[in-house]
Amino acid sequence: MPVNGARARRDQIVHLATTTGLTSVEELSRAFGVTASTIRRDLAQLTADGRLARTYGGAMALVAHPEASLRQRTGEAFEAKRAIARWAASTIRTGETVLLDAGSTVGALAHELRTADGLTVATTGLTALQELADVETVRVECLGGTLRPLSQSFLGPLAEAALERMTFDRVFLGADGVTAEHGICEADLSQTRLKELMARRADAVYVLAHSAKIGRRPFHTWVRLPPGWTLVTDEGADPHEIRALRAQGVEVTVVGGE
């Protein structure tokens, strides 16, 4: 990461801390091609300036990464999401029972299922409900629960109780970020818990995440991404992250655009 001057480097450090979450001295040293001592001086100055908060071995942004609403995210990476959704739809067979998470990419999958026949679709997301509400050939089950306005999703004890009464051929999960090191990143623990429960109830688990989310860690709550799950992304995904995920036994499908 070529950066000229201490001021520009410090600005970039703040940007990284805000957009990717916790940053370590070692990561920053490698990223900027400077010594760990230089990074420590940068962090000390940024802390003194009130721009970062020091942590053990690194620093983090003073303000948590802002979570974009589902409405804001719907128009992002539209073609990539559509390609991912079409691939995901192609895996589903007539007569199956599938579970759809909330999120814009999974919402795009729900749109693809409007022409399906003989499916049962359960969901925690308002987008999927809206897409399929008038489709007579798809049986729709809403898991219910407490509505989370930012993500337009249902979660909490009622959603978890509903999951105990059903099993699924496939589940399709969304993500705020995906890394080989930590797994699936989400904004809060209630979301990660629900994703884990959803995955346990399905024979096959797919994570739908366009390339901008691969290697991204905007928050600090995680779902483990175990061997046997399938990550579906697009051609812009970081090759290093893809190789690392495959090395851990995660199935990775990379789809192209139209």
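**Two sheets, two cores and a ring cluster**

Seven strands make up an open sheet, running in the order β6-β5-β4-β9-β12-β14-β15 with parallel pairing. The edges belong to β6 and β15 (251-255), each of which pairs on one side only. From one strand to the next, the twist averages 20 degrees. Helix α10 packs on this sheet, where α10 touches β14 (230-234) and β15; the direction of α10 makes about 145 degrees with that of β15. All of this is read from a predicted model, not an experimental one.

At the β6 end of the order, the pairing can be followed residue by residue. Strand β5 (residues 119-123) runs parallel to strand β6 (residues 138-142), and five bridges join the two. Within that pairing, Ala122 of the one strand sits opposite Glu141 in β6. To get from β5 to β6 the chain passes through helix α7 (residues 126-132), giving a β-α-β crossover that is right-handed.

Further along the sheet, aromatic rings come into play. The structure holds two aromatic pairs. In one of them, the ring centres of Phe172 and Tyr206 are 4.8 Å apart and the planes meet at 15 degrees; planes under 30 degrees apart count as stacked, so this pair is stacked. Phe172 belongs to strand β9 and Tyr206 to strand β12, so the pair ties together parts of the chain that are 34 residues apart in sequence. Both Phe172 and Tyr206 are buried. Trp87 joins in as well, with ring pairs linking Trp87, Phe172 and Tyr206 into a cluster.

There is also an open sheet of three strands, this one antiparallel, in the order β10-β11-β13. Here β10 (177-179) and β13 (221-223) take the edge positions with a single partner strand each, so one side of each has no neighbour in the sheet. The twist from one strand to the next averages 35 degrees. Three bridges hold β10 and strand β11 (residues 183-186) together in the antiparallel sense, and one residue match across these strands is Val178 with its bridge partner Ile184 in β11. Helix α9 (residues 189-200) packs on the sheet and touches both β11 and β13. The direction of α9 makes about 5 degrees with that of β13.

Val178 turns up again in the nonpolar interior. The largest nonpolar core has 32 residues, and the members that touch the most others are Val178, Trp229 and Leu231. Several elements feed this core with at least two residues each: α8 (157-163), β9 (168-173), α9, β12 (202-208) and α10 (239-247). The biggest contribution is that of α9, with four residues. Leaving aside residues up to four places away in sequence, Val178 has an extensive list of contacts: Gly183, Val207, Ala209, Lys213, Ile214, Gly215, Arg216, Leu225, Leu231 and Leu245. Apart from this core lies another, of 24 residues, including Ala83, Ile84, Leu100 and Leu119.

Terms used. Residues are numbered from 1 along each chain as its sequence is written. This is a predicted model: local features need pLDDT of at least 70, side-chain atom pairs count only at pLDDT 80 or more; totals for chains, interfaces and linings use all residues. Side-chain values use heavy atoms; hydrogens and water are left out. Two strands pair if DSSP finds at least two bridges between them. Axes are lines fitted to C-alpha atoms, for helices over the stretch in contact, and angles run from 0 to 180 degrees between N-to-C directions. Contact means heavy atoms within 4.5 Å. A nonpolar core is a set of buried Ala, Val, Leu, Ile, Met, Phe, Trp, Tyr and Cys residues joined through side-chain atoms within 4.5 Å. Buried means under 20% relative accessible area, exposed over 50%, partly exposed in between (1.4 Å probe, protein chains only). A crossover is right-handed if, with the strands pointing away from the viewer, the path from the first strand over the helix to the second runs clockwise. Rings of Phe, Tyr and Trp (its six-membered ring) pair if their centres lie within 6.5 Å; planes under 30 degrees apart count as stacked, over 60 as edge-to-face and the rest as tilted.
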